[in-house]
Amino acid sequence: MRRFLFFALPLLVLAMALYAFVQEAFGMAPDPALLSPSAPPRLPGWMPLATWVLESIGLAALFLMIQGRGGSRLASGLLAGWIAWVFRGPLLVVTVVSLAGLAPGPWWVLVFSWWVLYTVCGLLLGVVAVSAGLPP
């Protein structure tokens with residue numbers, strides 16, 4: 001299990017960082033000015049990294065709990081990714097849109113892109129589990 005975590009956690013952090021980079025590069029990142037009329041504060045550089053590490057630990061733990069019940073490692077990875085996506089995607093958007101009184105349209109595009117991210121992260125967990133020799 002140590003070998004699985006040794007490879008899975010940095011790989012997940014790298015996938016999330018690459019996703020954030022692509023979002024910024026293609027202008028797909030949400031506009032924080034929509035949520036606050038004043039100038040939104042800029043987060044320190046360590047904050048996104050800390051959240052990616054926290055998400056990676058959570059995804060790996062969820063994967064291990066699901067994988068412990070048996071079944072395919074890739075299916076367990078997809079299931080873990082999609083469970084995490086429910087909280088990062090639709091529930092987050094519904095909360096933000098309803099509290100801020102925003103139009104939901106642009107935010108649902110993010111939900112789909114987060115679904116892609118968590119699907120990739122889940123598949124990465126499955127592949128790492130196979131290559132690390134994690135028992136099925």
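## A five-helix chain and its opening helix

Let's start with the overall plan: this chain has 5 helices and 0 strands. Follow the sequence from start to end and you get the pattern α-α-α-α-α. Keep in mind that what you're looking at is a predicted model.

Here are some values for the chain as a whole:

| Property of the chain | Value |
|---|---|
| Span of the C-alpha trace along its principal axes | about 50 × 25 × 20 Å |
| Share of the 136 residues that count as buried | 32% |
| Accessible surface | about 8,300 Å² |
| Share of that surface belonging to carbon and sulfur atoms | 77% |

How do the contacts spread along the sequence? Take the contacts with a separation of 6 or more: 75% of them come from residues 24 or more positions apart.

Now zoom in on helix α1, which covers residues 2-25 and so counts 24 residues. From its first C-alpha to its last, α1 reaches 35 Å, close to the 34 Å expected at 1.5 Å a residue.

Which residues of α1 are buried? They are Phe-4, Ala-8, Leu-12, Val-13, Ala-15, Met-16, Tyr-19 and Gln-23. Here's a handy rule for reading a list like that: an α-helix has 3.6 residues a turn, so residues three or four places apart point the same way.

And what covers these buried residues of α1? The cover includes α2 (residues 46-67) and α5 (residues 105-131).

Just past the helix, look for Gly-27: this residue follows α1 and has a positive phi, near 70 degrees.

Methods. Residues numbered from 1 in each chain as written. Predicted model: local features only at pLDDT ≥ 70, side-chain atom pairs only at ≥ 80, totals over all residues. Heavy atoms only, no water. Helix = DSSP H or I, 4+ residues; strand = E, 2+ residues; numbered from the N terminus. Expected span 1.5 Å × (residues − 1). Buried < 20%, exposed > 50% of the residue type's maximum accessible area, 1.4 Å probe, protein only. Contact = heavy atoms within 4.5 Å. Areas by Shrake-Rupley, 256 points an atom, 1.4 Å probe, with all protein chains shown as cover.
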